[in-house]
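Work through the exercises below with the structure open beside you, and try each task before you read its solution.

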There are 2 protein chains.
Amino acid sequence: MSKQNRIIIIGGSACGPKAAARARRCDQHAMITMVEQGERLSVATCGLPYYVSGVIESRDELLQRHPDFFRDVLDIDVLTRTTATFINREAHTVELVSLDTNKTSIMEYDKLVLSTGSTPATPPLQGRDLKGIFTLTKIEDADAIRSVLAQRKSKKATIIGAGLIGQEMAETLVALGLEVTIIELFDRVLPALLDFEISAYLEKHLKANGVNLLLNQRVTGFNGDNDGWVNKVVMESGQVETNMVLLALGARPNTTLAQKCGLIIGPTRGIAVNEYLQTSDPDIYAGGDCIENMNLITKQKMLAALGSIANKHGRVIGSNVAGGRETFPGILGTAIAKVFEYNVARVGLNESQAREAGYDVVTSLVPGYEHATYYPHGKEILVKLIAEKSTGKLLGGQVIGPGETGKRVDVLVTALTFGATVDDLANLDLAYAPPFNNALDPLHNAANVIRNKLSGYARSLPPMEVHDKIQGEDKFTLLDVRSPDEWQETRIAATQAGLIPLRELRSRLNELDRAVEIVTLCHSSVRAYQAQRILDGAGFHDVKFMDGSIATWPYEISSTEAESAQGV
Amino acid sequence: MSKQNRIIIIGGSACGPKAAARARRCDQHAMITMVEQGERLSVATCGLPYYVSGVIESRDELLQRHPDFFRDVLDIDVLTRTTATFINREAHTVELVSLDTNKTSIMEYDKLVLSTGSTPATPPLQGRDLKGIFTLTKIEDADAIRSVLAQRKSKKATIIGAGLIGQEMAETLVALGLEVTIIELFDRVLPALLDFEISAYLEKHLKANGVNLLLNQRVTGFNGDNDGWVNKVVMESGQVETNMVLLALGARPNTTLAQKCGLIIGPTRGIAVNEYLQTSDPDIYAGGDCIENMNLITKQKMLAALGSIANKHGRVIGSNVAGGRETFPGILGTAIAKVFEYNVARVGLNESQAREAGYDVVTSLVPGYEHATYYPHGKEILVKLIAEKSTGKLLGGQVIGPGETGKRVDVLVTALTFGATVDDLANLDLAYAPPFNNALDPLHNAANVIRNKLSGYARSLPPMEVHDKIQGEDKFTLLDVRSPDEWQETRIAATQAGLIPLRELRSRLNELDRAVEIVTLCHSSVRAYQAQRILDGAGFHDVKFMDGSIATWPYEISSTEAESAQGV
C-alpha cells in the first residue's frame, strides 16, 4: 500500500473547503488538514449585502458548513483560529500558530493548497481610522455595520467606489432608509465592467432611487467629530457630510505567505499558477481570490474575487492534490449584480477594453424585452455586443435593465467560451415560448445588427457621437421617424432634430436635404434602421441610424411640459 | 442597371413576413409580393393559449403587423385572402386565386418562397365533426373556444395529446374553471421531449393542479348529444365524459403546393431544403413549419413548428432571395413551456432518443435551486443531462421545476451547438451573485456528477431501476443517509430501506451487511454520493447511489401519518 498522502489546505472560505471535500472524495485515505484564521468555515460572503439589508434574516444562513461536518463526514481535520506563518518548501512543512494559545507547531505536507483569499483595498487615506468607516468582506463587518446603523440612527451613508459591492450596498443602504452618496474616481459607475452608455443607463436608475452620484471625484480623506466618528468625506474638490462610510474599492489577493516562501507572484499581484492550478512549486497549489486567472479572450492574466470561480478552482485542486490531472481553463470576467430593480450583467471585453487590447471592433446597442411583448409584464432589457470587425468573433457583451439579463449573459458566456461569431449567436436555437422569450431573443437581434453592419446594410453612430454632433458646428439632420404621439411625449432636444414618421418617409423624401448627413432615430433603432435603408434605396448617400435610439439615450431627454410637471 | 428581382412569398405567418422584410432591407429595388390565405399577417399563434385564458386580454395584441405596414414602410405588395394553387417551375409562374372573387391570376417570379406552415394533425376519428371539438392554431380557433366555453358554461374539457400545446392548454382550461382530462397514447406527458422520470415529476404537478391524466390510452372516437355536441371521448378501454375536446396531436407540414410541382419532400414529410434553405428547385426557397430541419446532434432531419425557428429561416431566405448566401445551420429540438407553476425545458436528445440513436450514454439527475439557497424565495429545479460515455460530449438536457429553467436550457443550447463536453460545461464562467445563481450552477453540478461517473468515483442507479429492485427478489440495502427528522417526514416505503445519517456512517459501518449490494439515497443525492465514497473507502465492494434521490423519486412516497392527515 502506498504512503498516505498528507494534504494541508490553508484558508477555509470557498476554494479551501471545496478542495478539501473533493480531495477526500478522490482519496479516501489521505490525511487532510484545513487551516483557517477565523472561527468559521465556508461563509457565504457574497450574501453579506443582503444580510446587512435584512433580506437574509439570519447570519446562520450564511454559515454553510460547520467544522464538525468536515470531521464527521469527510474525516478532515480542521484547525480554526489558526494562522499559517511560514512555508518551508524544501522541508515540505508549514509553520502554524494558534491564535488562541499563541503556540507554534510545524506540520508536514506532501501537497499544500493556498486559498488565502483577498483583502479589501484600503488606500492610506487621512482619517481612515475614524469610527464609522467600514469595509465589507466578513460577517463581522456586516454585524458591525448593522449595529452602528441601528445604534446611531445614521442618516447619511457614503460609499466610496462604484464597483459591484458599492452598487449592491447602495440598494441595501437606501432600503434601510439612508441617504446614500456614491463617490467614484472614474467617469461612470462600474467603470471596470461597463461601457459609458451602459453605465449611464444604470446611473439614471440609481438617481431615480435617490442615490447621489459623485463621479470623477478623488477622495483624499475623512473628517471626524469629537467622539472620533466620521462626519465628512473630503474630496479634492469638496466635501460630503456623512454618518458612515463604506470603502468598496475592490480586493487585493493575500499573497504574503506565498511571497515569503518565494512562490512566483504574477504581474496582476495574484499568485501565478498553471492550468493545473499549480504554483511555481509543483507541490503547492493555489486557488480562489489569491491567484491570477487567464482571461479566455485576451489570454492575459486577470484577478477575480468571486465565489463561483473559487469553487471551480477548489474542485480542480482537490482532484489534483489527490493525484488527478484536471485543468482549469480560465475565466471571462463575467459579472452580475442586482442594483435596485435593474439586473446588470456583463462578460468578456467591453468596448473600451477591446479597443485597448488592439481589436478593431464593431458593436450593437439593442433595446428589447425579456419575453414576448404581447405576454404580460415583460420588462425591458438593453443588450450591447462587441465583436471583432474582421472575423465577426464575439468579444463581449453587456445586458442591463429591469428584465431578465442573467440568461442572456450566461448564453454569451457559453458562446464566448467556444469562440462564437455573431453568425453563430444569431442562429442559436434558444428556447422560445411567450412567457420566456421572443421568437427572436434580444441576443439574436443584437447579433443581427452587427451582421447587418458587417455586410454593409446598416451604418450607425453611437449616441455619444450623436451627442457631440448636436453640440457641434457641422450641419446634419437628426431624423426622428417615430409617430407624432411618441415625438410629443419625449424627444431629444436638438435644433437639428425633425420628425417624419416611418410610414410617411417614402412619400416625403423631398423634405430632406440630400446634401447633409442624416442620422435617423426612433425608440429602439428598428425603425431607424429601416429608415436608413429606405433613404439608401432612394439614393441618399450619407445616412446612418443612431445605435439604441431614444431607449438608450444616455443624456437628458425632453418631455412634454405636462409630463415634466408630473415629474415623469 | 440590373433587372428588377421579382420575389413572391407564399404564406404570411412568421417566416414569410420575416423573409419579405429582410429581402426588402437587402434589396431596395426588388418587386416583392406576399400572398396569404387568411385575412391577417404575422399572427403570434404561440400566444393563443394565453389569449384563450385571458392572460393576453385583447386579440389585437397577437396581430403583430398590418398589411398597410408592409405596403407603406416596406413597399411590399400583400395579397390577403389569396391562395396559391399551382407553381409552374419551368415558366417561373404561380397561379393565384382570390378567395373573395374566385378570380385566378398568374404571377411571374424570379425567386419564390414557400412558407406555407403546418396544419394540426387530426386523425380520422369517429365523431370528429361533432360540435365542441377543436384544434388550436389560428386566432379563429381561439375565438371559437372562448365563445363556446362562455356560452355553454362547459364544465369538463378533454385534451387529446400531452404535447406542448396540450400542456399549455391544460393550464388555461383549469384557470377558466374547467375539470380537465388529458389523454395520451404514450406512457407519459411530453413523450417526444422528456424522459420517464422527468415526465413523472411534471405529472405530479399536473395532478396537484387537478388535471386528470389518462396515459397509455388510445382514443377511437367521440359520442355526441342530440344537438350534435360532443359529450364523450371514447377510448379503447373506456369513456370520458366531456363538454369540449381539444385535439393537440401535433402539426403536419403543409406541402401540397410543393408536392404538386414536384419539389422533393423529405422522409419526415417536410419540404427538403439545403443549408441555404433552397428546395430541390434552386429558385424556390422554403422555411417555417413546412420544411424539415437538420438536427445538429444526430445530423438527421426533423420537423419543428416553432416561431423562433421560422423567424430565423425567414432572415436567411430574405437574404438569399435578394442575392445573398446565408446559411441556416440546423436546430437542437429545443422546447420550453410554462405548465402551471413549473417551467419545463429541454434540448438535444433525451436519454431514450440518445440510446435509440446508438449512443452509449451516461446521465445525471440533479435537483438544485435556481439561486443561492440563503437568498430568499429560491425555487427548486431538476436537471437531467445526457452525455456520450466515450467522449463526455453532451447530447442533451432537461430542466424542470418551479424555479428558473430557461437560462439553463439556453446555456445547454449554446453548449450543444459547439459540441461541448461535460468538462467544458463544468468550467463555464457563468454569472454569479446570490439573487441569480449559486456559486456553482445546477448545470455545473450536473456536469460534475457525470464527470464523477466517468472517472469512476461515482456509481449510481436511476430511480426506475431502484424501483424494480424494491419490487424484486434480490437482496439489497436501500440506505437512506438523511437526518432522522427528514426520514420521519417522508421516505421511500421499502422493506429493504434503512437509515444511517451521513454524520454517523463512519462510526456505524458494522451495522451494514458487506455481502449485499447497497444503494444510498438522501434528498438530492449529494449526501448519497458522499456515503458511497465513504463505503468505497471502507472496503465495501458493491455500493451505488440513487440518481436524484428523494427529490426526484417518480413514484409514490410515504409521509408520516400526521402529514398525510393534513393532506400534505
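Two exercises with worked solutions follow.

This is a predicted model, in which local features need pLDDT of at least 70, side-chain atom pairs count only at pLDDT 80 or more, and totals for chains, interfaces and linings use all residues. Residues are numbered from 1 along each chain as its sequence is written, while chains are lettered from A and ligands numbered from 1 in the order in which they are written.

**Exercise 1.** Find which rotation superposes chain A on chain B.

Solution. Copies are superposed by least squares on the C-alpha atoms of residues with pLDDT of at least 70 in both. The superposition takes a rotation of 180° with 0.0 Å of shift along its axis, at an RMSD of 0.0 Å. That is the relation of a two-fold axis. In chain A, the C-alpha nearest this axis belongs to Lys407(A), 2.2 Å from it.

**Exercise 2.** Describe the open sheet of chain A that contains E23 and E25, and say which helix lies across E25 and E26.

Solution. Begin with the order of the 5 strands (DSSP runs of E, at least two residues, numbered from the N terminus), which is E23-E24-E27-E26-E25 with antiparallel pairing; two strands pair if DSSP finds at least two bridges between them. Next, the edges are E23 (335-339) and E25 of chain A, each pairing on one side only. Within the sheet, E26 (residues 380-388) and E27 (residues 394-401) of chain A pair over 6 bridges, and Leu382(A) has Ile400(A) in E27(A) as its bridge partner. Finally, helix H12 (residues 442-454) of chain A, a DSSP run of H or I with at least four residues, lies across E25 and E26 of chain A.

Technical notes. Two residues are in contact if their C-beta atoms, placed from the backbone, lie within 7 Å. Axes are lines fitted to C-alpha atoms, for helices over the stretch in contact, and angles run from 0 to 180 degrees between N-to-C directions.
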